[in-house]
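Thank you all for making the time this morning. I would like to walk you through one model, slowly, and to say as I go how far I think we can read it.

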Amino acid sequence: LRERAYPWLRDAAVFLEAMCAGSTVIEVGPAHTLGDEDSLLERSIIDSTGELELVNFLEEEFAITVKDDELLPENLDSLNSLESFVTRKLAVASSP
């Protein structure tokens with residue numbers, strides 16, 4: 001995972017890699033890295049339950065609320081989409 005302007009994304013990546021640790025489908029290590037555009041669903045890193053765990057992590061970590069209509073792949077299916085989504089949510093929360 002390349003370094004980013006938002007250090008919290010490292011926490012999200014660590015969270016996702018921890019979810020993979022017990023997976024028989026995905027190996028996380030030097031040979032199997034999580035790329036910025038990798039689909040979390042297609043690589044079986046998360047399923048519907050994992051998506052809820054990810055949303056819970058985001059809500060607790062960043063004090064944001066993820067609405068039901070925001071539970072979309074374009075918001076939650078890769079590290080890049082997570083970065084964009086959380087950045088937008090934080091910008092809205094900090095605007096007057």
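I will begin with confidence, then turn to the core, the salt bridges and one serine.

Please keep in mind that this is a predicted model, and that its mean pLDDT over the chain is 74, with 65% of the residues reaching 70 or more. That confidence varies along the chain, being lowest in α1, at a mean of 59, and highest in α3, where the mean is 92. Over residues 1-5 the pLDDT falls below 50, although this stretch has 13 contacts in the model beyond its near neighbours in sequence. Residues 22-31 also stay under 50, and for them the model has nine contacts beyond four places in sequence. Where pLDDT is low, the predicted coordinates should not be read in detail, so I will leave those contacts there.

Let me move on to the interior. The largest nonpolar core has 15 residues, and within that set L54, L58 and L82 are the ones that touch the most other members. Both α2 and α4, the latter spanning 79-94, supply at least two residues each, and it is α2 that gives the most, with five. As general background, nonpolar side chains in soluble globular proteins tend to be buried together.

Now to the charged groups, where the structure holds two salt bridges. Which residue pairs with K89? It is E70, whose side chain meets that of K89 at 3.1 Å, N to O. This pair links distant parts of the chain, since E70 sits in the loop between α2 and α3 while K89 belongs to helix α4, 19 residues apart. Are these two partners buried or exposed? E70 counts as buried because its relative accessibility is 15%, under the 20% cut-off, and K89, also at 15%, counts as buried by that cut-off.

The other salt bridge joins the side chains of D38 and R43, at 2.7 Å, N to O. D38 has a relative accessibility of 25% and therefore counts as partly exposed.

Right beside D38 in the numbering comes the serine I mentioned, S39, which lies in the loop between α1, residues 8-20, and α2, residues 48-62. S39 is buried, because its relative accessible area is 10%. What does its side chain approach? A polar atom of the S39 side chain lies 3.0 Å from the backbone nitrogen of E42.

That is where I will stop, and I am happy to take questions.

Note on methods
Residues numbered from 1 in each chain as written. Predicted model: local features only at pLDDT ≥ 70, side-chain atom pairs only at ≥ 80, totals over all residues. Heavy atoms only, no water. Helix = DSSP H or I, 4+ residues; strand = E, 2+ residues; numbered from the N terminus. Buried < 20%, exposed > 50% of the residue type's maximum accessible area, 1.4 Å probe, protein only. Polar contact = N/O pair within 3.5 Å; in protein donor to acceptor, adjacent residues only side chain to side chain. Core = buried A, V, L, I, M, F, W, Y, C linked by side-chain atoms within 4.5 Å. Salt bridge = Lys/Arg side-chain N within 4 Å of Asp/Glu carboxyl O. pLDDT = per-residue confidence, 0-100. Contact = heavy atoms within 4.5 Å.
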